[in-house]
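Here are a few friendly notes to read alongside the model. Take them in order, with the structure open beside you.

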Amino acid sequence: MQSEHRKPVPNEFMPDDYFARLNPSTIFNNDQPLEIDLGCGDGSFLIAMAQQFPERNFLGVERLLGRVKKVCRKAERENLDNCKVLRLESKYVIEWLFPENSIDRLHLLCPDPWPKARHHKNRLVQQDFLEALYKALKPGGEFCFKTDHPEYFEWVEEEMNTFQKFEQLEWPEDAFFYPKTDFQLQWEAEGKVVERARFQKPE
Ligand SMILES: C[S@@+](CC[C@H](N)C(=O)[O-])C[C@H]1O[C@@H](n2cnc3c(N)ncnc32)[C@H](O)[C@@H]1O
């Protein structure tokens, strides 16, 4: 994993050391609950959540620099102290950067479904990712997943069943504030159905 050799833009989070577990309270310099949006894209979900819940912190993870800068600019424009973006690879962040019991809620929304069988190995939700996620979530912490891809949805349910340690929670429509992402809006405009599932690490 290569570290960055440039100055962070406002609202961007760059760890001091990309090869050591970070102290999560150094991201926002406070101990508010922490939510992570993996592959935050254009950041519309992240920004709306940060505006709605000033008493929680929101960290977007995104590998594309252009998107990172765009989301950071939006967060800066909106004066959001509780919203930052980290430019890094999603799995690495969960597996190597965050210590155990440090994340309150993780969002994985409309990730790349890697539809071809020979690419399934690239899907993020697999046993090793789930093991890392299980460790990184706090007891009672949640994992929220959405996809427009029915076969990836089934895949995730099967991976979760195999993993066994999470409990599935109900997630009725509009159960709580949860804005649609840019991709969800795009898929729904094309008539696709976006499915959702919510899991919890037991207390
Ligand atoms: C299909 S888009 C979904 C974006 C957003 N979550 C939404 O629903 O609108 C996937 C996003 O994840 C990012 N991404 C894909 N693989 C990634 C990885 N391994 N690490 C970090 N970001 C990744 C892509 O650059 C892209 O912005």
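**Notes on the ligand and the cores**

1. A good place to start is G39: one of its backbone N or O atoms lies 2.8 Å from a nitrogen atom of the ligand. Please keep in mind that this is a predicted model.

2. Two further polar contacts involve oxygen on the ligand. The side chain of T181 has an N or O atom 2.7 Å from a ligand oxygen atom, and a polar backbone atom of F183 is 3.0 Å from an oxygen atom of the ligand. The ligand alone would expose 600 Å², and the protein buries 89% of that.

3. Now look at the surroundings. There are 15 residues around the ligand, and G39, E62, R67, L109 and T181 come nearest. The ligand takes up the space of the largest pocket.

4. Next, turn to the nonpolar interior. The largest nonpolar core has 41 residues, and I36, L38, I94, F98, F143 and F166 have the most contacts inside it. A second core, separate from that one, has 19 residues, including C40, V68, C83 and W171.

5. Which residues does I94 contact, leaving aside its neighbours within four places in sequence? They are L38, I103, L106, F129, A132, L133 and A136.

Terms used
Residues are numbered from 1 along each chain as its sequence is written. This is a predicted model: local features need pLDDT of at least 70, side-chain atom pairs count only at pLDDT 80 or more; totals for chains, interfaces and linings use all residues. Side-chain values use heavy atoms; hydrogens and water are left out. A nonpolar core is a set of buried Ala, Val, Leu, Ile, Met, Phe, Trp, Tyr and Cys residues joined through side-chain atoms within 4.5 Å. Buried means under 20% relative accessible area, exposed over 50%, partly exposed in between (1.4 Å probe, protein chains only). Contact means heavy atoms within 4.5 Å. A residue is near a molecule or strand if one of its heavy atoms lies within 4 Å of it. A polar contact is a pair of N or O atoms within 3.5 Å; within protein, one must be able to donate a hydrogen and the other to accept it, and residues adjacent in sequence count only if both atoms are side-chain atoms. Accessible areas come from the Shrake-Rupley method with a 1.4 Å probe; for residues, only the protein chains shown count as cover. On a 1 Å grid over the protein atoms alone, a cavity is a set of points where a 1.4 Å probe fits but cannot get out, and a pocket is an open set with protein on both sides within 12 Å along at least five of seven lines; lining residues have an atom within 4 Å of a point. A molecule sits in a cavity or pocket if more than half of its atoms lie within 2 Å of its grid points.
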